[in-house]
Amino acid sequence: MELRTVILSLAFVPWVVISASMVQDWSALYRDRPAGAGNTKEDARVFLEAKRPKREIIKIPDYDPGHARMPADEPDPTPAAVAKEDIELPTCLLCVCLTGSVYCEEVVPDMTAVPPLPKETAYLYARYNKIAKITNKDFADIVTLKRIDLTGNIISEIEDGAFSKLALLEELSLAENRLVKLPILPNKLTSFNANYNKLRTKGVKANAFKKLTKLAYLYLGYNQLEAVPFLPESLRVVHLQYNNITAITDETFCKGNSTRYLRTNMDEIRLDGNPVALWQYPNGFICLRSLPIGRYY
């Protein structure tokens with residue numbers, strides 16, 4: 001029993017000490033009070049005001065939109081963070097974007113330039129729009145491209161380096177445009193189509209196709225060429241119909257009078273619609289498996 005009393009006493013002592021420390025001294029309220037003054041309403045108001053706990057006032061500065069800052073825990077929307085939304089989304093709203101393919105055909109409103117493309121694009125079809133120029137920046141970052149089809153635009157100018165970084169590009173169609181000059185073409189091309197343009201021989205460099213050792217299909221019909229350009233050995237089909245070609249030589253397709261040289265890859269040559277009279281060049285086709293299509297009278 002005595003032990004319990006001692007324990008309870010020890011537990012009660014801290015409570016008394018804490019309670020005593022919480023007692024507030026109100027004597028300051030009455031220190032200057034005149035003797036004999038009674039309890040008035042003013043005294044009650046002062047007393048209650050003194051008992052009211054003091055609150056710390058935090059001043060919040062006025063909001064200034066011009067100097068607003070993002071909260072520290074929120075990331076700053078840098079250009080890198082919004083690039084995909086700003087570039088890919090608008091293109092894929094105007095066009096149809098599938099995995100690796102972008103279809104931008106007859107876009108409304110008129111598409112006048114190559115749109116920004118998703119990084120993984122391998123196949124671009126931007127036919128029958130109003131694209132007028134191809135710049136070096138249009139495809140500079142899309143090194144995955146394997147096929148580009150720009151048929152049916154109004155392209156009159158292509159900067160020389162527009163396709164220079166496309167090491168994987170195999171098929172390129174620039175048909176039905178307004179080209180007077182060809183740009184530098186990627187070496188891996190297997191098919192190139194520039195039918196229905198305004199190409200003249202001076203706009204096609206002598207070695208334009210020389211380094212294209214994998215080129216199999218070359219379409220240059222319906223232009224204004226005065227001569228046949230250099231043709232790589234890899235070619236299987238060559239369309240030069242309806243140009244202004246007036247003459248060829250024994251080495252245009254073959255190697256002069258050499259009867260040992262055979263152009264075994266070549267399957268078709270079209271020269272119809274040109275003023276050249278093919279019958280005048282009997283040694284010009286001796287290496288071919290079949291005669292070119294054209295005028296023999």
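This is a short chat about a few local features of a predicted model.

Me: Let's start at the surface: which residues form a nonpolar patch there?
Reply: The patch is made of V96, L98 and Y103, and together these residues have about 270 Å² of accessible area.

Me: Where is V96 placed, and how is its exposure classed?
Reply: V96 is in strand β1, which covers residues 96–98, and V96 counts as partly exposed because its relative accessible area is 46%, a value between the 20% and 50% limits of that class.

Me: Switching to D138, is it buried or exposed?
Reply: D138 is buried, and yet it has no salt bridge; as for its place, D138 is in the loop between β4 (133–134) and β5 (147–149).

Me: What is the nearest side chain of opposite charge, then?
Reply: That is K133, at 8.6 Å from D138, whereas a salt bridge would need a side-chain nitrogen within 4 Å of a carboxyl oxygen.

Me: And what does the side chain of D138 reach?
Reply: The side chain of D138 reaches the backbone nitrogen of T135, at 2.8 Å. If neighbours within four places in sequence are left aside, D138 is in contact with V114 and K133.

Me: New topic: which peptide bond is cis?
Reply: The bond from V108 to P109 is cis, with omega near 0 degrees, and P109 lies in the loop between β2 (101–103) and β3 (123–125).

Me: Why mention that at all, and why does the sign of phi get attention too?
Reply: Such cases are worth pointing out because most peptide bonds are trans and most residues other than glycine have a negative phi.

Me: OK, so what is phi for Y196, and where does Y196 sit?
Reply: Phi of Y196 is near 55 degrees, which is a positive value in a residue other than glycine, and Y196 is in the loop between β8 (191–193) and β9 (217–219). With a relative accessibility of 43%, Y196 counts as partly exposed.

Me: What about Y222?
Reply: Y222 has a positive phi as well, near 60 degrees, and lies in the loop between β9 and β10 (237–239). Its relative accessibility is 28%, so Y222 counts as partly exposed.

Me: Last one: where is Q280 found, and how far is its C-alpha atom from that of Y297?
Reply: Q280 is in the segment after β11 (268–270), and its C-alpha atom is separated by 9.0 Å from that of Y297, with the two residues 17 apart along the chain. Q280 counts as partly exposed, at 45% relative accessibility.

Methods
Residues numbered from 1 in each chain as written. Predicted model: local features only at pLDDT ≥ 70, side-chain atom pairs only at ≥ 80, totals over all residues. Heavy atoms only, no water. Patch = residues over 30% accessible without salt bridge, like charges linked within 9 Å, V, L, I, M, F, W, Y side chains within 5 Å. Areas by Shrake-Rupley, 256 points an atom, 1.4 Å probe, with all protein chains shown as cover. Helix = DSSP H or I, 4+ residues; strand = E, 2+ residues; numbered from the N terminus. Buried < 20%, exposed > 50% of the residue type's maximum accessible area, 1.4 Å probe, protein only. Lys, Arg positive; Asp, Glu negative; His and termini not counted. Polar contact = N/O pair within 3.5 Å; in protein donor to acceptor, adjacent residues only side chain to side chain. Contact = heavy atoms within 4.5 Å.
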